[in-house]
Amino acid sequence: MRRPLLALALVVALAAPSYAQAPAGGYRTPAPELVRLVDAPATPGVVVSPDGQTLLFVEQADLPTIEEISRPELRLAGLRLDPRTNGPSRTRAATALRLGRLDGDGSSRAVTGLPVNPRVRNVQFSPDGRHVAFTHDAANRIELWTMPVASAQARRVGTFAINETLAGAFDWLPSSDGFVATLVTSRRPALPPETTTPSGPVTQETAGRAAPSRTYQDLLASPSDEQTFEHYATAQAARVTLAGAVTNLGAPGLVSRTTPSPDGRFVLVETMKRPFSYLVPAGRFPRTLDVLDARTGRLVKRVADLPLMENVPVSFGSTTEGVRSAQWRADAPATLVWVEALDGGDGRRQATERDRVFALAAPFTSAPTVLATLPFRYGGIQWGDGSFALVSEFWQATRQTRTYRFAPDQPGALVKVLDRSSEDRYTDPGRPATVATAQGTRVLLRDAQGALFTIGGGASPEGDRPFVRRWDVNSGETVELFRSSGEAYEAPVAVLDAQGKILTQRETPTEPPNFWLRETVRRVAPRQVTRFAHPYPEFANIQKELITYRRADGVPLSATLYLPAGYDAQRDGPLPTFVWAYPAEFKTADAAGQVTGSPYRFNRISFQGAVPFVLRGYAVLDNAAVPIVGEGDVQPNDTFVEQLVGSMRAAIDEGVRRGVVDSTRVGVGGHSYGAFMTANLLAHSNLFRAGIARSGAYNRTLTPFGFQNEERTYWQAPDVYNRMSPFMNAEKINEPLLMIHGMADNNPGTFPIQSERLYNAVKGLGGTARLVMLPSESHGYAARESLLHMLWEMDSWLERFVKTPTASGGTR
């Protein structure tokens with residue numbers, strides 16, 4: 001908030017010498033303790049076999065270098081592609097695989113035969129669990145590899161290259177003897193000629209029909225872009241045996257999806273086509289949806305021929321017209337299921353019926369069957385068998401979600417089994433557990449009496465306490481089989497059988513997550529399955545506490561408080577503090593006030609947030625709740641600024657009450673919408689000495705058709721957009737603001753120009769700011785050099801303006 005002109009002049013005069021001393025270029029390295037965090041080994045990922053007996057440990061590669069993420073990249077139709085490999089760019093791969101047994105002694109064996117310098121992705125067990133397949137990113141192609149679990153000896157499949165531009169790399173056939181994959185083909189359009197001379201102007205035209213769209217990045221922008229996209233996206237759908245023999249399925253095309261039916265006789269193939277769009281990404285391009293014979297590639301059924309989707313309403317609850325969410329029924333041999341909107345896809349239209357779910361069984365010659373007609377928007381189906389399935393629906397405007405049971409083989413009336421608010425975490429019943437079928441699909445796990453098992457996060461006023469419950473859907477009765485308790489956080493990963501055997505991940509503030517096996521019915525002692533080491537044992541003793549407090553309007557709030565190891569408030573006094581947050585919208589104050597997080601989770605000091613700075617002597621208020629509430633017909637953002645400031649004032653006041661926060665030395669930061677929050681706090685309050693805003697959007701007129709959970713357009717609510725835009729209030733930003741942004745940000749709305757223009761505004765108005773543009777980085781930063789430099793910038797800013805300020809920051 002603006003202070004008197006004389007005080008502002010003093011700020012600029014004092015800040016200018018310090019700013020001039022900052023390095024003009026080159027990557028910098030932060031304090032050694034921050035470097036050790038960035039370089040700490042990643043905990044291996046774990047993939048569980050379909051029978052729940054074999055564990056595949058996936059060891060992640062080190063962070064990529066700036067050289068790696070700066071390699072040539074194509075940005076087309078909302079996609080980012082590596083032109084060398086015909087696949088996604090900026091991938092994080094694994095470098096080693098190991099196999100272990102769930103019922104073993106904790107030992108594991110290395111997978112041998114991997115390629116030199118392996119870059120392993122897309123790891124999948126076969127449906128029978130006897131093989132593992134994965135892709136390897138070679139220098140100029142994506143290869144398919146497989147290995148028998150018995151031998152753990154990997155080998156390449158065939159000599160072809162995978163095309164992962166649009167479709168997933170591959171799917172196992174239900175028979176476990178091969179794959180359906182999309183391959184690079186020589187029968188694809190040529191690249192456009194390389195030239196710097198344009199062939200003519202780029203022209204778009206609208207003819208009076210409204211076509212609002214959200215703000216997308218990396219769209220097609222010229223005929224040359226169209227040709228380039230078509231070249232790399234053209235692929236050949238194919239059936240591939242374990243030995244590498246290839247059978248083409250249909251002609252080459254812009255294949256965006258290939259999914260085999262559960263019986264393996266058919267393949268559902270989605271293919272994009274022209275005309276392309278310069279307004280929306282590839283997911284909205286015209287497409288056909290076909291069922292092909294999996295042996296011959298013969299066209300069996302054209303399911304849909306969908307047009308370009310530029311005119312989808314942007315209002316919440318809106319969707320595309322025509323066939324969508326097409327899938328194979330998981331519990332049937334070959335039954336296709338899809339959804340169609342009954343309201344034109346327009347969430348603003350009044351309607352008692354929104355969506356209808358259809359089914360069509362092989363040989364696909366009869367009329368489709370109606371499985372369900374829904375008053376809200378379709379949310380998904382979980383299949384059981386012919387007599388039992390669950391279908392869900394939701395309505396974003398009211399946050400209402402419902403679940404019904406029905407009989408797929410004899411569809412009739414839906415029986416409602418759940419009706420709740422998606423915002424209410426305390427009453428969340430969890431997600432139904434599933435079990436793998438012999439064909440590789442997943443269906444609901446039920447016991448002999450037909451009851452389901454649910455896995456939930458267990459949100460409560462004491463924090464998250466995950467659970468497993470047995471749920472009798474008919475009576476509504478639930479029985480709790482397991483709930484995390486004591487001074488540990490233990491989250492169920494999977495229910496392995498109907499006798500209550502579960503796999504969990506257990507952690508404490510000083511012990512990293514490890515897998516445990518529990519028998520919830522027999523009540524035998526749990527058994528530890530893995531023994532992953534602490535990634536940074538020297539930092540194990542930092543202090544952590546889940547704290548609760550209230551905003552002035554009575555809304556309960558929470559945050560996780562981190563304090564340095566050995567710190568004592570009475571002895572050491574209050575600390576400089578760094579607050580990190582991300583606002584969230586709610587329709588009820590009750591839901592907004594629910595506690596999130598757990599005091600018993602492992603102290604994972606992610607270098608992406610604020611927690612690392614506890615190692616630099618700060619108190620850290622992490623994930624400080626910033627609920628923006630709009631009850632009834634009131635929209636949350638109508639009072640965004642007031643609720644934002646009130647939430648932060650309450651967090652600081654609670655820290656002061658505890659004697660750990662020095663209210664005259666508080667900094668605030670956030671990423672993306674948290675960055676937007678940070679700039680607003682500096683503009684509309686005097687709570688902070690300085691702010692750090694990463695990859696934010698600050699001018700909401702550049703996202704005029706809505707942002708986050710704001711569905712009104714700029715022209716419907718100009719005052720809201722203007723008041724919420726830090727750029728429009730730049731003259732009030734009088735605390736030092738550090739902005740960091742990836743130069744290749746691809747997140748909708750957070751174009752790099754957002755940070756550039758706000759920096760220029762603050763500079764032009766005489767404020768104190770620093771703009772750091774990270775080359776080649778996207779919305780989240782990946783390269784080791786970038787992450788180290790980001791931490792150096794943040795640490796330097798906090799040292800200068802918060803811990804030992806050389807210039808006046810905010811005052812309360």
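## Terms and model

Buried, for a residue here, means under 20% relative accessible area, while exposed means over 50% and partly exposed lies in between (1.4 Å probe, protein chains only). By that rule Ser176 is buried, with a relative accessible area of 5%.

This is a predicted model, in which local features need pLDDT of at least 70 and side-chain atom pairs count only at pLDDT 80 or more, whereas totals for chains, interfaces and linings use all residues. Residues are numbered from 1 along each chain as its sequence is written, and side-chain values use heavy atoms, with hydrogens and water left out.

## The hairpin around Ser176

Let us stay with Ser176 for a moment. Ser176 sits in the loop between E12 and E13; helices (H or I, at least four residues) and strands (E, at least two) are DSSP runs, numbered from the N terminus. Five residues separate the two strands of this hairpin. Ser176 has a positive phi of about 65 degrees although it is not a glycine. For context, most residues other than glycine have a negative phi, and most peptide bonds are trans.

Strand E12 (residues 170-172) and E13 pair in the antiparallel sense over three bridges, where pairing requires that DSSP finds at least two bridges between two strands. Trp172 stands opposite Phe179 in E13. E13 also runs antiparallel to strand E14 (residues 235-241), joined to it by seven bridges, and here Thr182 faces Ala237 in E14. Six of the seven residues of E13 (residues 178-184) are buried, so this strand is largely enclosed by the rest of the structure.

## Thr146 and its contacts

Trp172 turns up again beside Thr146, a residue of strand E10 (residues 142-148). Trp172 is among the residues that Thr146 touches, not counting residues up to four places away in sequence; others include His131, Val132, Gln153, Arg155 and Leu242. Contact here means heavy atoms within 4.5 Å.

Thr146 counts as buried at 1% relative accessibility. A polar atom of its side chain lies 3.0 Å from the backbone oxygen of Val132.

## Two open sheets

One open sheet of four strands has the order E16-E17-E18-E19, with antiparallel pairing. Its edge strands are E16 (254-260) and E19 (299-306), each of which pairs on one side only. E16 and strand E17 (residues 266-272) pair over six bridges, with Thr258 opposite Val269 in E17. Following E17, in the loop that leads to strand E18 (287-293), lies Pro275. A cis peptide bond joins Arg274 to Pro275, with omega of about 5 degrees.

A further open sheet of four strands, also antiparallel in its pairing, has the order E34-E35-E36-E37. The edges are E34 (489-495) and E37 (527-528), and each pairs on one side only. Between them, strand E35 (residues 501-508) and strand E36 (residues 511-519) run antiparallel and are joined by seven bridges; Thr508 stands opposite Glu511 in E36.

## Helix H8 and the nonpolar cores

Helix H8 (residues 673-684) has twelve residues and reaches 16 Å from its first C-alpha to its last, close to the 16 Å expected at 1.5 Å a residue. That expected span is 1.5 Å times one less than the number of residues. Twelve of the twelve residues of H8 are buried, so the helix is largely enclosed by the rest of the structure. Among these buried residues are Ala675, Met677, Thr678 and Leu681.

Met677 and Leu681 both contact Met648, whose other contacts, leaving aside neighbours within four places in sequence, include Val579, Val626 and Phe688. Met648 is also one of the residues with the most contacts inside the largest nonpolar core, together with Phe688 and Leu758; this core has 60 residues. A second, separate core of 37 residues includes Phe578, Tyr781, Leu787 and Met794. A nonpolar core is a set of buried Ala, Val, Leu, Ile, Met, Phe, Trp, Tyr and Cys residues joined through side-chain atoms within 4.5 Å.

## Gly670 and Asn623

Gly670 is found in strand E44 (residues 661-671) and counts as buried at 0% relative accessibility. Not counting residues up to four places away in sequence, Gly670 touches Ala675 and Thr678, as well as residues including Trp580, Ile692 and Arg694.

Asn623, in strand E42 (residues 619-624), has a positive phi of about 50 degrees although it is not a glycine. At 41% relative accessibility, Asn623 counts as partly exposed.

How values were computed. Polar contact = N/O pair within 3.5 Å; in protein donor to acceptor, adjacent residues only side chain to side chain.
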